[in-house]
Amino acid sequence: MDILRLITCGNVDDGKSTLLGRLLHDTKSIFEDQWAALQRISSERGDSAVNLAFITDGLRAERAQGITIDVAHRYFSTPRRKFILADCPGHLEFTRNMVTGASSAQVALLLVDAQRGITEQTRRHAFLVSLLRVRHLVVCVNKMDLVGFAEARFDEIRDQVMAFAERLEGVEVQFIPIAALHGDNVVERSARMPWYAGTPLLYALENFYVRNEANLVDARFSVQLVMESAGKRLLAGRVASGVLRPGEELVHLPSGRPLKICRIDVAGEETAEARHPMSVALEVDATFAIQRGDMLARPHNHPTPATELDAMVCWLDERPLELGRTYRIRQAEREVGGSVAEILYTIDVNTLRRQPAADGRLPMNAIARAALKVDAVIFADAYRRNRETGSLLIIDPETNATAGAAMILAP
């Protein structure tokens, strides 16, 4: 049974956590003790009914404030598929959490409040979904009960979103009218919206075809840890893409020296192959120096060595990005010094128009195309080809906080 990775996104209070709580409840994925805790918390708050949003709002501060701060992950399954749900915060100041959740998602559920309609944050999250190469976007027009389940209001919001989404690259968009609080069109079809001819949300999620989205062609292995055991060299790390098998000839980067995989272990058990995104230990025949951050690939199919990068940058720090300032640039397990040499243009998330960066600085939550320089060679792919070797984190060396995220357009 395959696994589908989902995120919810959209403006705060559009019902993301409630929708996920409803999905978990109606698929009977909530344990008795969890349900009892939800009843107790809802009673203490004076809610008239059990607040399903609290099943994903795991932090005490979130419960106190009634908002989602962190990315809450939950798991459930149906007879057709397993799901990993990431409930991302809707507040502008927590955009970094949304970017984190979307970076590994296959499907994004974009919530839109039927009363309020689309907002700047709705557009921002839709654009980030496109930028992060989440190919399936399901727009859930929520709280349809508050607009009398009106088809005309659903059509109005659908047209507004499509006018924006038509300019997004590589995203398939689907619309479903729902009322997450009551379960309309979430797991079962709603009798209160007979004009809707599509499927309920769960059916759509069970039937997305996403298997061909994993890159199983370009073998990439980023070394996390080097171990010596009984005279054997073991490399622990994650298969970033592709498929690895014992006996396979690879090349070590940056040295360019060849090596061979002798054995592959997963959690201490030998396996005949390893593929993305498995974490494994490779026994290799190499005796030369290998260290954390190095990469293995096939001799005639390896990432491009680069010190200058063309990338889309999402700035996530309160301190604006400064041209020429030295940051730490992390790609997979490799970390080097680097800087942003030039901001080519910024993106207006409401219109998707390009505009110049004011005074060469990039404020928090801004999105820009920029030229990056790194102090040592990194081995990179374009993000559209490989999410892991094509993405970067920009770290503030003074605070150790993630200041930005970048998707490589061209190494």
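## Close-up views of aromatic pairs and the whole fold

**Figure 1. Meet Trp 195, a partly exposed residue with a relative accessibility of 24%.** This view comes from a predicted model. The figure of 24% lies between the 20% limit for buried residues and the 50% limit for exposed ones, so Trp 195 falls into the partly exposed class.

**Figure 2. Here Trp 195 is shown together with Phe 154.** Searching the whole structure turns up three aromatic pairs. One of them joins Phe 154 and Trp 195, whose ring centres are 5.6 Å apart. Their planes meet at 40°, and the pair is tilted. What does this pair tie together? Phe 154 belongs to helix H6 (residues 151–165), while Trp 195 sits in the loop between strand S6 (172–177) and helix H7 (201–207), so the pair brings together parts that are 41 residues apart in sequence. Is Phe 154 buried or exposed? Its relative accessible area is 5%, under the 20% limit, so Phe 154 is buried.

**Figure 3. Trp 315 and Tyr 327 form an edge-to-face pair.** Their ring centres also have a spacing of 5.6 Å, and because the planes stand at 70°, the pair counts as edge-to-face. This pair links distant parts of the chain, with Trp 315 in strand S16 (residues 304–315) and Tyr 327 in strand S18 (residues 327–331). The two residues are 12 apart in sequence.

**Figure 4. A look at how covered this second pair is.** How accessible is Trp 315? Its relative accessibility is 1%, so Trp 315 counts as buried. Tyr 327 is buried as well, with a relative accessible area of 2%.

**Figure 5. Stepping back, the protein shows seven helices and 24 strands.** Along the principal axes, the C-alpha atoms fill a box of roughly 70 × 55 × 40 Å. The radius of gyration is 23 Å, which agrees with the value near 22 Å for a compact globule of 411 residues. Of those 411 residues, 53% are buried. Contacts reach along the chain too: among those between residues at least 6 apart in sequence, 70% join residues at least 24 apart.

**Figure 6. The last view turns to surface and charge.** The accessible surface comes to about 18,300 Å². Carbon and sulfur atoms account for 49% of this surface. How many charged side chains of each sign are there? The protein has 49 positive and 53 negative ones, and the centres of the two sets lie 2 Å apart.

Notes:
Residues are numbered from 1 along each chain as its sequence is written. This is a predicted model: local features need pLDDT of at least 70, side-chain atom pairs count only at pLDDT 80 or more; totals for chains, interfaces and linings use all residues. Side-chain values use heavy atoms; hydrogens and water are left out. Rings of Phe, Tyr and Trp (its six-membered ring) pair if their centres lie within 6.5 Å; planes under 30 degrees apart count as stacked, over 60 as edge-to-face and the rest as tilted. Helices (H or I, at least four residues) and strands (E, at least two) are DSSP runs, numbered from the N terminus. Buried means under 20% relative accessible area, exposed over 50%, partly exposed in between (1.4 Å probe, protein chains only). The radius of gyration is taken over C-alpha atoms; the globule rule is 2.2 Å times the number of residues to the power 0.38. Contact means heavy atoms within 4.5 Å. Accessible areas come from the Shrake-Rupley method with a 1.4 Å probe; for residues, only the protein chains shown count as cover. Lys and Arg count as positive and Asp and Glu as negative; His and the chain ends are not counted. The place of a charge is taken as NZ of Lys, CZ of Arg, CG of Asp or CD of Glu.
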